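Please look at the sequence and the model below before reading on. The text then goes through the structure step by step.

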Amino acid sequence: PAATGAGDGATDEPAATVPARWQVDGASAVLYPGTASGKGRVWFDPEAGQWVFTRGDTSVRVSGEGITHVRVAGGQASISIDLSGLRSSLEVDVEGQDEVGVDGSGDLSLTGDDHQLLIRSLLALLRVVAPSYRFSVTASGSTVTFSGRVELATGADLSVVAESILADSATIDTRGGDGAGDITLGAVAAGDTAHALLVLKDTEVFGGDVDLSASASGRSDAGAVVQVTGSTIGATGSVAISTRADLRAVLGDATAAAALAATSVQGTSVSAGQQLAVTAATTTDLSADAGTALVAGLTRVTSVAVSDADLAAAGVRLAATAGGTLSFAAGTDLAAGLSSTTSAGLSGTVHIAAGSATQVDASTTDRLRLAAAGDAVVHVVLTTTSGIDDGALVSVDSGLAVSASAGHQLEVTAGGLGVAVSSARTAAGVGEAA
């Protein structure tokens, strides 16, 4: 602000808000986002054939006829680019902003070139100058693929959400002069059948906090898989590599359900300034109330596997957790089964440098309530293991704590014959020659 003379009573007036506006130059439409606060959204309205910028309760529009290029002028705005309404090919340039988000329709590829981020879809090519604070990409139900170098040298946070996230021989780097931005890569799926997948192969990831996850919520089949192979992860903060599968459903009179959460780290180096957690979790809540006979079964696999890896962190934890409730009722006969495998383990050659004892845990907790007016037959098989596999070569700087636990409650009520067969195996320890 300008200085004022003593006693002149002058005060600084707040700067007037500059409104957003479009300017068309041939086949190019330029958006000047103005200075109003709040997040703005750039999108194409196919019914009106117009490009629209919306922020809060206000919007500005321009005809999209003949427009093949959109440019968002630089500023200090928070901008979201929505590609879902596109009907023809388009190039988009986004100059330096505080925050930039991309909402995709269909699969997207993400790479970098000369301190820009390049995003390609079936119809669009976006060139985005690295924002100051945050860059996000959302491609619900689709795939985002990383290639080449994706750098946010400004130290901005990076967040990517899609059904599948793939990186092969890529570099993802959010280190800047004033610190490193957080990296969040989240594969998310939901539906009757839900499969979420995150795969990093021969990829380098450098940032503040690094969160790599896959989560699936299904009604008949839920699968979440994270595979990190031949890669390098460096974080000034914490690193979390996780999967989660949630299966919640009311079943019909004959059905089979499946849940999978599998987290794998192989041939990879991980360095975290704080904690490192590699986890997998499944939650299975199923119920059925059939007026006639009922046949129902659940297969569940929950696994954490680390092999041929070099891990360094203030603390390291591997954990696989499974559990849930099965509640079935049948008007006549009932046949039900649960097969559950839960494991957390180290194999191959693994070196762990940690400030505290490394924890390797596996646990299973289930409750089954079954009722039939006629006969009831139930078969439960639970396997829960943790520790070091046979033949592994594992060195741990600050000790190793291994635990495995399993418990289930089984209630069976039958008007006729009632048969319940339960088998549980629980093991925690160090394999032979490990």
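What follows describes the chain as a whole, then some of its residues, its salt bridges, its core and its largest pocket. The model is predicted.

Start with the overall layout. The protein chain has 36 strands and 0 helices. Its C-alpha trace spans about 90 × 55 × 50 Å along the principal axes. Of the 434 residues in the chain, 45% are buried. Contacts can also be sorted by how far apart the partners are in sequence. Among contacts between residues at least 6 apart, 69% join residues that are at least 24 apart.

A single residue gives a concrete case. Val-52 is found in strand E4, which covers residues 50–55. Is Val-52 buried or exposed? Its relative accessibility is 0%, and buried means under 20%, so Val-52 counts as buried. Not counting residues up to four places away in sequence, Val-52 touches Trp-22, Arg-41, Val-42, Trp-43, Asp-45, Ser-59, Val-60 and Arg-61. Thr-229 is 177 residues from Val-52 along the chain, and the C-alpha atoms of the two are separated by 43 Å.

Ser-159 can be read in the same manner. Ser-159 lies in strand E15, residues 157–168. With a relative accessible area of 10%, Ser-159 is buried. Leaving aside its neighbours within four places in sequence, Ser-159 is in contact with Arg-134, Phe-135, Ser-136, Val-137 and Thr-184.

Phe-135, one of those contacts of Ser-159, leads to the nonpolar core. In soluble globular proteins, nonpolar side chains tend to be buried together. Here the largest nonpolar core has 114 residues. Which of them touch the most other members? They are Trp-51, Phe-135, Phe-146, Leu-185 and Phe-328. Leu-185 shows what such a residue meets. Leaving aside neighbours within four places in sequence, Leu-185 is in contact with Phe-146, Val-160, Ile-165, Ile-172, Leu-198, Leu-200, Asp-211, Leu-212 and Ser-213.

Charged residues come next. Side chains of opposite charge can pair when their charged atoms come close. How many salt bridges does a search of the whole structure find? The search finds 12. Three of these pairs are described here.

In one salt bridge, the side chains of Arg-127 and Glu-91 meet at 2.8 Å, N to O. This pair links distant parts of the chain, with Arg-127 in strand E12 (residues 124–129) and Glu-91 in strand E8 (residues 90–94), 36 residues apart. Glu-91 is partly exposed, with a relative accessible area of 35%. The two residues also belong to a network of salt bridges that links Glu-91, Asp-93 and Arg-127.

Another salt bridge joins the side chains of Arg-244 and Asp-246, at 3.3 Å from N to O. Arg-244 is partly exposed, at a relative accessible area of 36%, whereas Asp-246 counts as buried at 14% relative accessibility.

A further salt bridge is formed by Arg-300 and Asp-366, whose closest N and O atoms are 2.7 Å apart. The two sit in distant parts of the chain, 66 residues apart: Arg-300 in strand E27 (residues 294–307) and Asp-366 in strand E32 (residues 358–372). Are these partners buried or exposed? Arg-300 is buried, with a relative accessible area of 0%, and Asp-366 counts as buried at 3%. Not counting residues up to four places away in sequence, Arg-300 touches several residues, among them Ala-259, Thr-282, Gly-323, Ser-340 and Asp-366. Asp-221 is 79 residues from Arg-300 in sequence, and their C-alpha atoms are 9.9 Å apart in space.

The last topic is empty space. Rolling a probe the size of a water molecule over the atoms shows where empty space is left. In this model the largest pocket holds about 150 Å³ of space. Its lining has 14 residues, and Thr-385, Ser-386, Ile-388, Asp-389 and Gly-429 lie nearest the centre. Which strands each supply at least two residues of the lining? They are strand E30 (334–347), strand E33 (376–388) and strand E36 (418–430). E36 gives the most, with 5 residues. By type, the lining divides into 6 polar, 5 nonpolar and 3 charged residues.

Terms used
Residues are numbered from 1 along each chain as its sequence is written. This is a predicted model: local features need pLDDT of at least 70, side-chain atom pairs count only at pLDDT 80 or more; totals for chains, interfaces and linings use all residues. Side-chain values use heavy atoms; hydrogens and water are left out. A salt bridge is a side-chain nitrogen of Lys or Arg within 4 Å of a carboxyl oxygen of Asp or Glu. Helices (H or I, at least four residues) and strands (E, at least two) are DSSP runs, numbered from the N terminus. Buried means under 20% relative accessible area, exposed over 50%, partly exposed in between (1.4 Å probe, protein chains only). Contact means heavy atoms within 4.5 Å. On a 1 Å grid over the protein atoms alone, a cavity is a set of points where a 1.4 Å probe fits but cannot get out, and a pocket is an open set with protein on both sides within 12 Å along at least five of seven lines; lining residues have an atom within 4 Å of a point. Grid points are joined across faces, edges and corners, and a volume is the space filled by probe spheres set on the points. Ala, Val, Leu, Ile, Met, Phe, Trp, Tyr, Cys and Pro count as nonpolar, Asp, Glu, Lys and Arg as charged, and the others, Gly among them, as polar. A nonpolar core is a set of buried Ala, Val, Leu, Ile, Met, Phe, Trp, Tyr and Cys residues joined through side-chain atoms within 4.5 Å.
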